[in-house]
Each structure stands twice: as C-alpha cells, then as structure tokens.
Amino acid sequence: MTQIKRVAVIGGGIVGATAAFYLSQKNYEVDIYDDGVGQATSAAAGIICPWLSQRRNKEWYELASKGAAFYPKLMHDLNEPLSDSDIYQQVGTLVFKKNLNLLKKLEQLALKRRETAPEIGEIALLSPKEIKAKFPLYGLEESALFASGGARVDGSLLTKKLIDQAVSNGAHHYSEKVTLSHPNPTEYVISSMTQTKTYDTAILAVGAWLPGLLDPLGLEVDIRPQKGQLIQLHLQEDMSKWPVIMPDGEKDIIPFSNGKIIVGATHENDGGYDLTPTKEKLELMLEEAIELAPGLKNATITGIRVGTRAYTSDFAPFFGVVPNHPNLFAASGLGSSGLTSGPLIGRMLSQIVSGELTDLPLSDYPVEQYIKKYQ
Ligand SMILES: Cc1cc2nc3c(=O)[nH]c(=O)nc-3n(C[C@H](O)[C@H](O)[C@H](O)COP(=O)(O)OP(=O)(O)OC[C@H]3O[C@@H](n4cnc5c(N)ncnc54)[C@H](O)[C@@H]3O)c2cc1C
C-alpha cells in the first residue's frame, strides 16, 4: 500500500493555494495555514498580460509568459469554464504609450514574442474609434495596442476555488497565523494560538512575510514589502467582454463580468506592511482613470483594497528548496506580476515535493541567493 505523506502549506495566497490543490490530488494529506491579513492575491488588480512588458530580465519573462500560458490548464484542472467564468477570462488587453512611435515599437516586440508565445493572440494597433467599440467608456483621442490573449483574473475567487477543491480532496484549511520552529533535523513544528503540529515537509508560501517566518530558523531573507492600494467600483453595465486597460503609468482599469470595475494600483516602497488606505493617493488614481474613461464618473465606489507585495533587492522572484533544509520549500518575491506567475510556481512547488521534474529549471530562480544563514 502507498504511504500517505503529510505536508504543511503555510500561506493561502495564489502560490500556497495552487500548491495545496495539486498536492491534494496526489497521495498527500495537506494542511493549509493562512493568516490572510494583507494578502496580495486577494487585493490584486488581476491583469494577466506579461508579453507587452518591456522588462528585459529573461528568466522573469520566461516565468511570467509560461505562467500566463498555464492559466487555461489550471481552469481545466479546476473544472472551470474558459468561455464564461467570473474567475478568469481572456478578454484582451489595450496598452497605451506616450506616442504612436512607442506603440509601434511595442507592436514589433509583441509580434516577435508571439513567435514563441502564441497565447498572446491577435495583435492590432487600434484607433480611438476602435478602442471605443471595445471599451465604451473611452474618452481620449489616442491609439492603443490590443492583444487578444490578455486576461483578467479575480485572485480572491481563484484562491477560494483552489482551497475549496483541495479541502474536498481531503486537505484541512486553518485560517490562522502560525510560527515555525525546527527543534531537530527531521521535524518542523508549526504552532498557532490553538494548535501545534509536527511535519517533516513544509511549503512556505507566505509572500512578503517570509523574513519573519524564517527568522527563528536563523535564516535571513532578502524580501521587502511594497504597499499596493486600489479602488473597487460598480457600474450598471455588461462588461463581461470589455478588455483590460493599461494606460502608460501606474494605474490600470480592469472590468469584470459582474459589474465590478477595478482602478489601481499604487506601488509604495515606503509603506511597509501598513494596510491603511490613503485618501489622496486613491483620489488621484481615480481622477486619472476618469480622464481616460469619463464614464467612470457614474460608477459607485464599493470598496478599497490594500495588499502587500513581496520584492527581492533585484526584483527577481525565487522558489525551490530552502538551503540546508531539504524538506522545506519556499517561494517569494513575485512582485507585481505574481498573479500571473503564481499558479505555475505553486504547481512547481508541488512537483518538487513529489519528486517530479519542474516545468522550469530551478537554477534560474535560485533560493540560495535570497535566503541565507545570519552571519
Ligand atoms: C494592489 C495589488 C495589485 C496587484 N495586481 C496584480 C496584477 O494585476 N497582476 C499580477 O500578476 N499580479 C498582481 N499583483 C501581485 C500579486 O498579487 C502577488 O505577487 C501574488 O498574489 C503573491 O502571491 P503569494 O501567494 O506569493 O503571496 P500572498 O498572496 O501575499 O499570500 C501570502 C499569504 O500568506 C499568509 N501568511 C503570511 N504569514 C503567515 C503566517 N505566519 N501564518 C499563516 N499565514 C501567513 C498571508 O496572510 C497571505 O494570505 C498585485 C498585488 C497587489 C498588492
């Protein structure tokens, strides 16, 4: 008889939830611990469109583009329809630049990238009139680049579905903050206010909170928090097929099928783990969005979301085995594209635990560069 192995997953954002879901489908008894406070995944805007980023890091692009391409498979594994889902939908993305010249350059980049990433879909430079046909709120006279493969995802609904399915496969989900200790070479002890349990294997998917979790093990982690705020609005419109709008700059506009429309987000490096909304920053973002889409004036504000992103000092994400801890696995540093790369990273963590080959080489995302013993 095959032996059931126990695994603890700390963190129930996109990485932890995906890892738990895939492990729960195999021969693993999974315990998920999630505090949930400040979670980046449930605060996220929801844009999946890495191909039009001008970021030059090859490993980042490989991870983000493969992460975007992985979404249809994830939806299939979750029995979620691809054509009409509140969780994930390929509605296309409209990207704006300061001038037509820059847009044309971006179009060339997109066409080149499509050779290896067909998921990018149809690429077209659209006139203001064509933009308005796709996004009726548009009020400017500028052109934009359209990529039909761009998508929007509701991070909160997605992690809920992943965790619910993991639980129906036998996993346990505890909404608790935990601490980690390592009293002897073969055991990891996970403690909360209500319980203490021992494991020989654990996945640490705690995003920006990894330094605090690993500190008791004498490990220093190169991760810093970044505060992100966004505004959630409601519009009495059928926006189910409207594309994601990415103007030049920080704020994006993401319409969802259920009348929800998101404007955001801020990138605040001096915000630490603070989760207090800042009125001036939110008002400014909304004003800028209204300039592009005057119809947003009629929208009702239904909520403010604040979350904490995790960044390494060179902005590169990492995942894999924690140095000198062969049964401890971690991922962090996903930054502002973690909803795009997170599901694939979560699945790769599940592959490492079960001894399978990973979708991407671990050496390209080296944990040992970011997690070190205190000197
Ligand atoms: C405002 C905002 C907008 C964003 N927009 C996008 C976007 O449009 N597209 C995109 O691709 N990415 C976006 N991102 C980035 C993306 O959301 C993150 O990179 C990604 O969600 C990180 O996932 P994670 O699982 O690593 O961490 P998280 O989602 O932060 O999850 C970590 C979880 O671990 C829990 N935890 C921490 N410590 C403990 C503990 N000791 N015990 C138990 N639980 C603990 C936390 O409470 C949290 O629930 C955005 C982020 C923000 C904040």
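These are my notebook entries on a predicted model of one protein chain.

**Entry 1: overall fold**
I started by counting secondary structure elements, and the protein chain has 9 helices and 22 strands. Next I looked up how far the chain spreads: along the principal axes, its C-alpha atoms fill a box of roughly 65 × 45 × 45 Å. Then I checked the radius of gyration. A compact globule of 375 residues would come out near 21 Å, and the protein chain has 21 Å, so the two agree.

**Entry 2: inside and contacts**
How much of the chain is buried? I get 56% of the 375 residues. I also went through the contacts with a separation of 6 or more, and residues 24 or more positions apart account for 72% of them.

**Entry 3: surface and charge**
The accessible surface of the protein chain comes to about 16,400 Å². Carbon and sulfur atoms hold 51% of that surface. For charge, I have 36 positive and 43 negative side chains down in my notes. The centres of those two sets lie 4 Å apart.

**Entry 4: glutamate 29**
I picked one residue to look at by itself. Where does glutamate 29 lie? I found it in strand β2, which covers residues 28-33. Is glutamate 29 buried or exposed? Its relative accessible area is 32%, and buried needs under 20% while exposed needs over 50%, so glutamate 29 goes down as partly exposed. Last, I paired glutamate 29 with alanine 8: they sit 21 residues apart in sequence, and C-alpha to C-alpha I have 8.5 Å between them in space.

Definitions and conventions: Residues are numbered from 1 along each chain as its sequence is written. This is a predicted model: local features need pLDDT of at least 70, side-chain atom pairs count only at pLDDT 80 or more; totals for chains, interfaces and linings use all residues. Side-chain values use heavy atoms; hydrogens and water are left out. Helices (H or I, at least four residues) and strands (E, at least two) are DSSP runs, numbered from the N terminus. Buried means under 20% relative accessible area, exposed over 50%, partly exposed in between (1.4 Å probe, protein chains only). The radius of gyration is taken over C-alpha atoms; the globule rule is 2.2 Å times the number of residues to the power 0.38. Contact means heavy atoms within 4.5 Å. Accessible areas come from the Shrake-Rupley method with a 1.4 Å probe; for residues, only the protein chains shown count as cover. Lys and Arg count as positive and Asp and Glu as negative; His and the chain ends are not counted. The place of a charge is taken as NZ of Lys, CZ of Arg, CG of Asp or CD of Glu.
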